[in-house]
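I opened this page to keep a record of what I looked up, one topic at a time. The sequence and the structure come first, and my entries are below them.

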Amino acid sequence: MITLEHKTPGHPLYWQIYEQIKRDIHGGVLAAEEKLPSKRKLAASLGVSVTTVDAAYAQLVSEGFLSARPQRG
């Protein structure tokens with residue numbers, strides 16, 4: 001499960017999630033084609049809103065780090 005090492009005051013939470021996932025991808029923690037948790041599941045585990053996770057995932061998709069397949073789990 002994706003975790004935030006520490007929450008940084010002054011930095012938006014969605015950006016911190018985005019950065020953590022990006023680090024996990026570059027560090028090999030997340031493998032290519034690995035399925036990420038749903039927005040709701042990740043939001044619940046991190047204690048943030050679904051909108052926050054959605055923004056992080058959207059940024060990762062826009063930069064080509066993730067590919068989204070809606071309604072595919």
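The entries that follow go through a predicted model, from aromatic rings to the core, a salt bridge and one helix.

**Entry 1, aromatic rings.** I began by counting ring pairs, and the search came to 2 aromatic pairs. In one of them, Tyr 14 and Trp 15 have ring centres 5.9 Å apart and planes at 80°, so I noted this pair as edge-to-face. The other joins Trp 15 to Tyr 18, with 4.4 Å from centre to centre and 40° between the planes, and I wrote it down as tilted. Trp 15 and Tyr 18 both sit in helix α1, 3 residues apart, which is about one turn of the helix. I recalled that an α-helix has 3.6 residues a turn, so residues three or four places apart point the same way. Tyr 14, Trp 15 and Tyr 18 together make one aromatic cluster.

I then asked which of these residues are buried and which are partly exposed. Tyr 14 has 30% relative accessibility and counts as partly exposed, and Trp 15, also at 30%, is partly exposed too. Tyr 18, at 2% relative accessibility, is buried because the cut-off for that word is under 20%.

**Entry 2, a glutamine in α1.** Staying with helix α1, which runs over residues 13-26, I looked up Gln 20. Its relative accessibility is 4%, so I entered Gln 20 as buried. Setting aside residues up to four places away in sequence, I found Gln 20 touching Ile 2, Thr 3, Leu 4 and Glu 5.

**Entry 3, the nonpolar core.** How many residues does the largest nonpolar core have? I read off 16, and the residues with the most contacts inside this core are Ile 17, Ile 21, Leu 42, Val 53 and Tyr 57. The elements that contribute two or more residues to the core are α1, α2 (39-46) and α3 (50-62). The largest share, 4 residues, comes from α3. I followed Ile 21 further and, leaving aside neighbours within four places in sequence, found Ile 21 in contact with Ile 2, Leu 30, Tyr 57 and Leu 60. As background, I noted that nonpolar side chains tend to be buried together in soluble globular proteins.

**Entry 4, charged side chains.** Searching the whole structure, I found 1 salt bridge. In this salt bridge the side chains of Asp 54 and Lys 39 meet at 2.7 Å, N to O. Asp 54 belongs to helix α3 and Lys 39 to helix α2, so the pair ties together parts that are 15 residues apart in sequence. I checked the accessibility of both partners: Asp 54 is partly exposed at 34%, and Lys 39 is partly exposed at 35%.

**Entry 5, the two sides of α2.** Which residues of α2 are buried? I listed Leu 42, Ala 43 and Leu 46. Looking down the axis of α2, I saw that the buried residues fall within an arc of 100°, so they line one face of the helix. Among what covers these buried residues are α1 and α3. On the face of α2 turned away from the buried side, I found the exposed residues Arg 40, Lys 41 and Ala 44. Last, I looked at what comes after α2, and there Gly 47 follows with a positive phi, near 75°.

Terms used. Residues numbered from 1 in each chain as written. Predicted model: local features only at pLDDT ≥ 70, side-chain atom pairs only at ≥ 80, totals over all residues. Heavy atoms only, no water. Buried < 20%, exposed > 50% of the residue type's maximum accessible area, 1.4 Å probe, protein only. Contact = heavy atoms within 4.5 Å. Phe/Tyr/Trp six-rings, centres within 6.5 Å; stacked < 30°, edge-to-face > 60°. Core = buried A, V, L, I, M, F, W, Y, C linked by side-chain atoms within 4.5 Å. Arc of directions from axis to C-beta.
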